[in-house]
Number of protein chains: 2
Amino acid sequence: KVKTVPIRAVVITDGFWSKRRTTNVESSIPSMHDELLAHGRMDNFLRLEDKSSKPQQGPVYSDSDIYKWTEAVGFVLQSSDQPALRETVAKMISEIVAAQEPSGYLNTYYVGDRAAERMLPLTQERGHELYNIGHLLQGSIAYYRATGDPTLLDAGIRFVDNFLLPNYGPGVNQKPIVAGHPEIEMSLIELYRTTGNRKYLDLAGYILQGDSRIPLKPSQIVYMFCGIPFTSRTKLEGHAVRAMYACCGATDYYLETGDPAYLHTLNTLWTDLITDQMYITGGVGARSEGESFGNPYELPNARAYGESCAAIGNMMWNWRMLAATGDARHTDVIERALYNGINSGMSLNGKLYCYRNPLAYDSSTGDKIRNPWYDTTCCPPNLERTLASLPGYMYGTSEEGVYVHLYDNSEMNWHLASGTPLRLTQKTEYPWDGEVAITVTPQASEIFTVFVRIPGWSKHSRVKVNGSSVEGVVAGHYLALRRRWKPNDMIQLIFDMEPQVIHANPAVADDTGRIALQRGPIVYCMEQMDQPAGHDPAQFPLYAARLSPATEMHYDAQLLDGVVVLSHPGVLMPAAQPDSLYQPELDRTTAGCAPTSLKMIPYYAWNNREPTSMQVWIPAAAAAEV
Amino acid sequence: KVKTVPIRAVVITDGFWSKRRTTNVESSIPSMHDELLAHGRMDNFLRLEDKSSKPQQGPVYSDSDIYKWTEAVGFVLQSSDQPALRETVAKMISEIVAAQEPSGYLNTYYVGDRAAERMLPLTQERGHELYNIGHLLQGSIAYYRATGDPTLLDAGIRFVDNFLLPNYGPGVNQKPIVAGHPEIEMSLIELYRTTGNRKYLDLAGYILQGDSRIPLKPSQIVYMFCGIPFTSRTKLEGHAVRAMYACCGATDYYLETGDPAYLHTLNTLWTDLITDQMYITGGVGARSEGESFGNPYELPNARAYGESCAAIGNMMWNWRMLAATGDARHTDVIERALYNGINSGMSLNGKLYCYRNPLAYDSSTGDKIRNPWYDTTCCPPNLERTLASLPGYMYGTSEEGVYVHLYDNSEMNWHLASGTPLRLTQKTEYPWDGEVAITVTPQASEIFTVFVRIPGWSKHSRVKVNGSSVEGVVAGHYLALRRRWKPNDMIQLIFDMEPQVIHANPAVADDTGRIALQRGPIVYCMEQMDQPAGHDPAQFPLYAARLSPATEMHYDAQLLDGVVVLSHPGVLMPAAQPDSLYQPELDRTTAGCAPTSLKMIPYYAWNNREPTSMQVWIPAAAAAEV
């Protein structure tokens, strides 16, 4: 329903995301390159070419770290040429490809003594061979689109054409296949889109159906989110990244086939997502055990898992659902995840990454949440490829016209379905300010629709076209502006940036008696170091927020690379008896408390200064009963 | 400081615990016998005697299931002879002992091919050999004290004297020793008390110091709660049952040696327990992962682990701390755990057991909390031995006189330090009623002290002796009634049974905005099936309790074997939008809610009818801000 606009057609200019994206290119991607090399991720390939004597390093999915980083570079190179970076990757690609076997097989873990385990059912379940190849395909396509260099893409095609397709599939002479960790599905479909070879789509469809010749335990079916017909799923469960990637693949399959059974299941799962499984930050996957979804409404804060990769998977899935439906509710989820639960995953200096993204933090635990390296380093390059791919998420097209999904300073140079070249220019200080000016410049005047997204959180929005107000503005929907557009027509959007006091559904036990603050798309948190009353971690739980909507705000250019700070009226409760966990008839009302003001910063920017306690959901000060 | 009174000196007569204890003897212990046999726990022994062809069954600690059950029977037989039960156990003991090797070694798992692994460092860390023997010793001592039959006790002594002491310990010709799962420490000290052989105490002390020849990873030192000097511990952490059993052994060691370093550490750990680690039910060990303590104040409700064994360990430890200090704060913990977090572990019919004891339950998850059997069946026989040993927890003596620790209809026939025979008789409807009448009958009149415990929860208590009020009554302390007591003197205690609204320390994030109800020692909960407004699990989170202390109560003899039911004023909040997890400016005040009354039952009795949602901590209805 909505088509993508390629990354190279969109330039993100100075604004909220440009700073993050510059850091990504100048700091994150180069430093992650060094980390990957330091941890032997390229030695794994070079060893097979007798160019390294190092032993195999890292877990079974280590190859994917290189491929995902390559994809990030591929997206960067679609936005601008970076000769040094391009040369580095070209050399790595030649080293990767040199490790490919004549059969097409390519994997640095299942070699030597372990070669006998290749693609055995147990290996498919746990060994991530197809997961690695999926990331190779995605990385190679991004790089190919940027540079036209098919070296890595051809290697991927060789794996699929020569090794995978002849030997694995439904045929009587073929062996069974299971994704193990979903990823191969969406990458095969992207390969289909790139090459037009329908066999790739068919294999993806077969994998999405599950292969009953590999019998799985019920716990594996839950955990792996694959191995049975995708269309038999009724809820999100198991490993969150696996589930999100499976949903991406299934949505891609629906987009290419139109199979209504898929859309039905996808809508069921999506309703589950937003009804009882998603954090206010757009993060998903509540439990550390099994990195998994919890029970409905099980959304712990300090113990939240909320893996960065899962939030990214959530954004990727909703991007595909948006393409399938054109429904702005999916864009709302994309924006929520992007600005909050994904954005939190990378430090402002671009060199530290979150694996977990908790919504509360007690500094006395000493837990380190932001780290430069994880031996399972899926999240860092995933964050890098997400920031690098951002221009591709901002706009879309359809038969009727053009969509504006996300707001930031940018210029799109693309064309309408009719072929007419179209330029869109955004000028805004979003997300700090709610005004967006869009200049619409078709090469020649033409009747088409500009779909502008009215965010779900914007209760009172105004839209003007060339200075005249437009009626029918509804939050959480695309507003269809259909008219004859001529060069330099102007759309003006004014969104509601009043800070909002958010309550969770009462079924979320972890948020009982607590509120969160959101302004525009930004979810806020309070860090103890910003509060006036002392830094003893034991004191942090004594802060409570009043419910009165009298939040003040100001932009602080010096703080955390520039953020709007909120000041919300609160109280500091008297300390409990230190040795008394449970006390009868304690006064918990505002009457017995000292008034204070709670200083709040955007959640994404937490933990970028000294270690200090943090919470998104703040206890609500109880008024005395009358 | 306070000595125990043997089980056989105390008879618990008709009242609160007698019903549970009768069920234990008539239903739990026999049905668990059948379960143990059905799951091959005796076949494991018979196989070694060529009397069974069944393979080894159950985990490495399966022998302990039999020993702990034997201990339960030993305690039962100390209260009353049960010829059939006694005969059953005598036969089992002869079968156990027949499996003992000439070396003294006795274990049904490390035999055959696995014999080579015996007592290797790795086996000591994980194999539970000494844990099994510890339970053998405890079981054999209970049985010996009841019957005078030393068959099993002698087998235990042979293991220790012939196998353990010569080969393991600090000597240069001895191999290193680590508890792995603490239990051997307290049982060796009980063996020392039974036999007078100081070598057992010394070995326990050596194990409590840790043996540096078995180097442990930091995570093992945390998880196993042994292997380093006990006196270097500063907080409760790791596997909760291991930690509690280690604390029991260390307190026993302090009781026998008076080593002040132990008391210092024990007090530090105990403060940690009651400051930030104990559930209101007396349960401990918040996390399922590793069955472990969480961070300070990490006390989730629905996800609580609160293993029955850990609550029992908590009671056992506080019993020893009470002996060491005479401090009624320990008795408060004993009572809290016994009436709530332990009592919940066994169903009213005595045939279903909890491993986990959560403080909230969502029936839509379908989780089964009460079950007749677990393959790790530590909890069921542990609950049985606890109920069977209860008479031993009620009274104590000291040089100054006699202690009344717990309240229930009972008769103690024991003696003072002077040797004067003393009878104490309690008449009460505790815990449903707060009046306790104690008749004090020394054989001849004598000056001594009766220490009556004033529970910490009883804000306004009255005490009379022969009708005259006594001054100086302080909650949470023993009241020392020193006078010349003569036969048939009467003490009258009147405790404060007003239901109390309990708040948790604000640092307990899971209890923010929630209250619990407690009356006397009983912690209450609400089950959805008792509430007037429908049984849809989605509706359960909409109940909220008003803070106004207007709780009504009545005794219902028909309900759950007879309980006092509380009715607390509450509201039913309007349902949230079903598809909206997060909503701005929702009215959460009582103004928009329908008034209702919340019916509450004792927590220990939850989940004894149909599956229904439950919570101990109830959302507090917020009053509107003025």
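**Two copies, one shared surface**

Hi everyone, let's start with a single pair: the side chain of A:E298 meets the side chain of B:R303 in a salt bridge, with 3.3 Å from N to O. Keep in mind that this is a predicted model.

That pair sits in a wider picture. Across the interface of chain B and chain A, the rule finds 4 salt bridges, along with 16 residue pairs in polar contact. On the side of chain B that touches chain A, α12 (260–277), β16 (500–504) and β22 (582–584) each supply at least two residues.

How many residues does each chain bring to the contact? Chain B gives 56 residues, and chain A gives 56 residues. The area buried between them is about 4,600 Å², and carbon and sulfur atoms give 53% of that.

Now, how are the copies arranged? A turn of 180° with a shift of 0.0 Å along the axis lays chain B on chain A, with an RMSD of 0.0 Å. The two copies are thus related as by a two-fold rotation axis. In chain B, the residue whose C-alpha comes closest to that axis is B:G513, at 2.1 Å. And 100% of the interface residues of chain B are also interface residues in chain A, so the copies meet through the same surface.

Last, a look at helix α12 in chain A. Its 18 residues reach 24 Å from first C-alpha to last, close to the expected 26 Å. At its start, a side-chain oxygen of A:D259 comes to within 2.9 Å of the backbone nitrogen of A:A261. Among the buried residues of this helix are A:L266, A:W270 and A:I274. The cover over its buried residues includes α9, α11, α13 and α14 of chain A. Thanks for listening!

Note on methods
Residues numbered from 1 in each chain as written. Chains lettered and ligands numbered in written order. Predicted model: local features only at pLDDT ≥ 70, side-chain atom pairs only at ≥ 80, totals over all residues. Heavy atoms only, no water. Least-squares fit on C-alpha atoms with pLDDT ≥ 70 in both. Contact = heavy atoms within 4.5 Å. Helix = DSSP H or I, 4+ residues; strand = E, 2+ residues; numbered from the N terminus. Expected span 1.5 Å × (residues − 1). Buried < 20%, exposed > 50% of the residue type's maximum accessible area, 1.4 Å probe, protein only. Polar contact = N/O pair within 3.5 Å; in protein donor to acceptor, adjacent residues only side chain to side chain. Buried area = accessible area lost by both parts, 1.4 Å probe.
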